[in-house]
Structures are given as structure tokens and as C-alpha cells.
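Grab a pencil and work through these exercises with the model open beside you. Try each task before you read its solution.

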Amino acid sequence: MELDRILKALGEPMRLKIYQALLERKHCVRSLSKKFGISESAISQHLKIMREAGLVYGEKYGYHMHYLPDQGAIDFLAEQVEQMRRASLQVDREQKACQCEYRGRKV
């Protein structure tokens, strides 16, 4: 999984809303379309981007595909955020200036 691809997919406000709805329960394209008041084709395009990013997957029920969040993607995101949190805790916030390796060099 690629963090940048996941964050880019969730960075679009409507996709984030769709993803949050999928975290509550399974949805088909039609139910998401009615919930958010946008066309089924627009919902399908958003879901395609989220599928390609590894965020969601579909389960076929008769003629309809129901979408769910991929647990592996959620776990991956949680691990990445935790790594960032730990790194942030280690930053020396008392230091007045950066330790730039280019300081003092003539450019």
C-alpha cells in the first residue's frame, strides 16, 4: 500500500464522506447516491479511485455490488499515523535554529 495514494484518495471531501459512510455500514452505489445527492456515475468514479488506492472492496449481492472499507488499509493508515506521532515526539522543539548541513557553505 502507498500512503500518498491513500491520503490523496481521502483528500477529496466527497470521497472522505463516502469512506466515513462505509465505516458505518455496507453501501451500494445507489444508496450512496441517494445519501449524498450526487449521480451514481460520480459515486462510481469516487469508489474506483478508492478501490485503486486499496481503501475499499466490493461484495456482489445479486445484481448489486456492496462496498466496505478494507481493514488492511485502515490498519496500514493507523500504523503510519502512529509512526508519525512517535517521530513528532522526538523532535527537539527547544532548538532555536535548524542544523542545516548547508549553513556556512557558499552557494
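**Exercise 1. Find how much accessible surface the chain has, and what share of that surface belongs to carbon and sulfur atoms.**

Step 1: Keep in mind that you're looking at a predicted model. Step 2: The accessible surface of the chain adds up to about 7900 Å². Step 3: Carbon and sulfur atoms account for 52% of that area. Step 4: Now look at burial: of the chain's 107 residues, 26% count as buried.

**Exercise 2. Compare the chain's radius of gyration with that of a compact globule of 107 residues.**

Step 1: For a compact globule of 107 residues you'd expect a value near 13 Å. Step 2: The chain itself comes out at 20 Å. Step 3: Check the box as well: along the principal axes, the C-alpha atoms fill roughly 65 × 30 × 20 Å.

**Exercise 3. Write down the pattern of helices and strands along the sequence.**

Step 1: Count the elements, and you get five helices and three strands. Step 2: Put them in sequence order, which gives α-α-β-α-α-β-β-α. Step 3: Add the record: an unreviewed UniProt entry annotates residues 1-89 as "domain: HTH arsR-type". Step 4: That span is 67% helix and 16% strand, and its end C-alpha atoms lie 25 Å apart.

**Exercise 4. Decide whether leucine 47 is buried or exposed, and list what it contacts beyond its sequence neighbours.**

Step 1: Locate leucine 47 in helix α4, which runs over residues 40-52. Step 2: Its relative accessibility is 0%, so leucine 47 counts as buried, because buried means under 20%. Step 3: Skip the neighbours within four places in sequence, and leucine 47 is in contact with Ile18, Leu22, Val29, Leu32, Val56 and Tyr67. Step 4: For a distance check, take leucine 10, which is 37 residues away from leucine 47 along the chain; their C-alpha atoms are 11 Å apart.

**Exercise 5. Where does leucine 55 lie, and what does it touch?**

Step 1: Leucine 55 sits in the loop between α4 and β2. Step 2: With 0% relative accessibility, leucine 55 counts as buried. Step 3: Leaving out neighbours within four places, its contacts include Ile6, Ala9, Leu10, Tyr19 and Met50. Further along the sequence, leucine 55 also meets Leu68, Pro69, Asp70 and Ala73. Step 4: Leucine 68 is 13 residues away in sequence from leucine 55, and the C-alpha to C-alpha distance is 8.6 Å.

**Exercise 6. Work out whether serine 33 and methionine 14 are buried or exposed, and name their contacts.**

Step 1: Place them first: serine 33 is in helix α3 (residues 29-36), and methionine 14 is in helix α2 (residues 13-24). Step 2: Serine 33 has a relative accessible area of 11%, so it is buried. Step 3: Methionine 14 has a relative accessibility of 17%, so it counts as buried too. Step 4: Not counting neighbours within four places in sequence, serine 33 is in contact with Ile38, Ser39, Glu40 and Ile43. Methionine 14, with residues up to four places away left out, touches Phe36, Ile38 and His46. Step 5: Notice that Ile38 turns up in both lists.

**Exercise 7. How many positive and negative side chains does the chain have, and how far apart are the centres of the two sets?**

Step 1: Tally the charges: there are 19 positive and 14 negative side chains. Step 2: The centres of these two sets lie 5 Å apart.

Definitions and conventions. Residues numbered from 1 in each chain as written. Predicted model: local features only at pLDDT ≥ 70, side-chain atom pairs only at ≥ 80, totals over all residues. Heavy atoms only, no water. Helix = DSSP H or I, 4+ residues; strand = E, 2+ residues; numbered from the N terminus. Rg over C-alpha atoms; globule rule 2.2 N^0.38 Å. Buried < 20%, exposed > 50% of the residue type's maximum accessible area, 1.4 Å probe, protein only. Areas by Shrake-Rupley, 256 points an atom, 1.4 Å probe, with all protein chains shown as cover. Lys, Arg positive; Asp, Glu negative; His and termini not counted. Charge placed at Lys NZ, Arg CZ, Asp CG, Glu CD. Contact = heavy atoms within 4.5 Å. UniProt positions renumbered as here; feature names shortened; annotations may be inferred.
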